[in-house]
Amino acid sequence: MTALADRAGTERRRARVAAPFHAITPFTLLDFPGRSACILWVAGCNMRCGYCHNPEIVLGKGTLTGEDALAFLRRRQRLLEGVVLSGGEATTWPELVTFAAQVKALGFAVKLDTNGLRPDVVARLLDHRQIDYVALDYKAPSASFEKVTGTRAFVRFARTLDLLCGQDQVPFEVRTTVHDALLNEDEVLAIANDLARRGYRGTLAVQQAVADPDRPLLAPLPPVRRKLDTAWLASRSPIGLDIR
Ligand code: SF4
């Protein structure tokens, strides 16, 4: 790496620490089960999923500081029940654990949306009882993980999954997004089988990627040509599937 690229990387990291949030969605009833909530979108991500609809969050810098977000939350005390920490990938922000403690201290329940690549951060949040709900993306089985996510970090993802399966203090859900150019029915079934083997007792939410011409994707993927064969999957899956 050149000194120039090195300096640019350091500057990006500094900017992310100083202003981690891309944006705030002030109100949602859909993203935190059973609770009214807001969503804090953390800029930056440690994956590069081709079907990602948020390239501006993944590749861009944040514009809001932690204090900006806390000031917003103070104005919403007693009006909202929860805060969703999403992104991008919220666990890539080095101050996340401290921030989650500040959010909890304001009286909000905290939900984490995560791709699972930072089991160390999830473990700290669980240990300190700073999260109340987790939505974990299971992107692909081991053999397809790099193709879907641009990373070779399935082992780290699996550590997060095992961590969550091995505790019962915090409810969690697992979700998979399917674009037919990246995953097929056999691979979705492999995910369901792996979840059953690891002791996951919930339902796998399967979301079929949608091509929206007005929203750019992270990678130039072809349009979705084929929907999943839901009957085939449902007849073979050892766990419940919620296919949307
Ligand atoms: S879809 Fe993939 S690249 Fe986009 S924010 Fe989620 S984990 Fe990151």
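# A tour from Lys104 outward

With 17 C-beta neighbours inside 10 Å, Lys104 counts as partly exposed. To count as exposed, a residue may have 12 or fewer such neighbours, and to count as buried it needs 20 or more. Keep those cut-offs in mind for later stops. One more note before moving on: this model is predicted.

**Stop 1: around Lys104**

Stay on Lys104. Its place is in helix H4. Now add Val110 and Gln130 to the selection. Lys104 touches both, when residues up to four places away in sequence are not counted. Next, select Val83. Lys104 and Val83 are 21 residues apart along the chain, and their C-alpha atoms are separated by 9.2 Å.

**Stop 2: H4 against H5**

Two packed helices are described by the angle between their axes and the distance between the axes. Try that on H4 and H5. Their axes come within 10 Å and cross at roughly 30°. Because angles under 35 degrees count as roughly parallel, H4 is roughly parallel to H5. The crossing is right-handed.

Which residues make the contact? On the H4 side, select Leu96, Val97 and Ala100. On the H5 side, select Val121, Arg124 and Leu125. Colour this contact of H4 with H5 by class: five residues are nonpolar, none is polar and one is charged.

**Stop 3: H5 against H7**

Keep H5, residues 119-127, and add helix H7, residues 154-165. The axes of H5 and H7 come within 9 Å and cross at roughly 20°. That makes H5 roughly parallel to H7. H5 passes H7 in a right-handed crossing.

Here H5 offers Pro119, Val122 and Ala123 to the contact. H7 brings Arg156, Arg159, Thr160 and Leu163. How do the residues of the contact of H5 with H7 divide? Four are nonpolar, one is polar and two are charged.

**Stop 4: two positive phi values**

Most residues other than glycine have a negative phi, and most peptide bonds are trans. The next residues are worth a look with that in mind.

Follow the chain into the loop between H5 and strand E5 (133-137), and select Arg129 there. Arg129 has a positive phi of about 55°, although it is not a glycine. Is Arg129 partly exposed or buried? It is partly exposed, with 13 other C-beta atoms within 10 Å.

Now jump to the loop between helix H3 (66-76) and E3, where Arg78 lies. Phi of Arg78 is near 70°, again positive in a residue other than glycine. Arg78 is exposed, because it has 6 other C-beta atoms within 10 Å.

**Stop 5: a cis peptide bond and the ligand**

Select Gly87 and Gly88. The peptide bond from Gly87 to Gly88 is cis, with omega near 25°. Gly88 is found in the loop between strand E3 (82-87) and helix H4 (96-105).

Now show the ligand. Which residues surround it? Gly87 and Gly88 are among them, along with Glu89. Add Cys45, Met47, Arg48, Cys49 and Cys52. Then add Asn54, Val58, Asn115 and Leu218 to complete the shell. The residues of this shell divide into six nonpolar, four polar and two charged.

**Stop 6: from Cys49 to Glu146**

Keep Cys49 from the ligand shell and select Glu146. These two are 97 residues apart in sequence and 9.2 Å apart in space, C-alpha to C-alpha. Glu146 has its place in helix H6, residues 145-149. It is partly exposed, with 13 other C-beta atoms within 10 Å. Leaving aside its neighbours within four places in sequence, Glu146 is in contact with Thr151 and Arg152.

**Stop 7: Gln207 in a strand**

Move to strand E7 and select Gln207. With 14 C-beta neighbours inside 10 Å, Gln207 counts as partly exposed. Add Arg175, Thr177 and Arg244. Gln207 is in contact with these three, leaving aside its neighbours within four places in sequence. Arg175 lies 32 residues from Gln207 along the chain, yet their C-alpha atoms are separated by 7.4 Å.

**Last stop: Pro223**

Go on to the loop between strand E7 (204-208) and helix H9 (230-236), and select Pro223. Pro223 is exposed, with 11 other C-beta atoms within 10 Å. Finish with a distance from Pro223 to Phe145. The pair are 78 residues apart in sequence and 21 Å apart in space, C-alpha to C-alpha.

How values were computed: Residues are numbered from 1 along each chain as its sequence is written. This is a predicted model: local features need pLDDT of at least 70, side-chain atom pairs count only at pLDDT 80 or more; totals for chains, interfaces and linings use all residues. Axes are lines fitted to C-alpha atoms, for helices over the stretch in contact, and angles run from 0 to 180 degrees between N-to-C directions. Helices (H or I, at least four residues) and strands (E, at least two) are DSSP runs, numbered from the N terminus. Angles under 35 degrees count as roughly parallel, over 145 as roughly antiparallel, 65 to 115 as roughly perpendicular and the rest as oblique. A crossing is left-handed if the near helix is turned anticlockwise from the far one by less than a right angle, and right-handed if clockwise. Two residues are in contact if their C-beta atoms, placed from the backbone, lie within 7 Å. Ala, Val, Leu, Ile, Met, Phe, Trp, Tyr, Cys and Pro count as nonpolar, Asp, Glu, Lys and Arg as charged, and the others, Gly among them, as polar. A residue is near a molecule or strand if its C-beta atom, placed from the backbone, lies within 6 Å of it.
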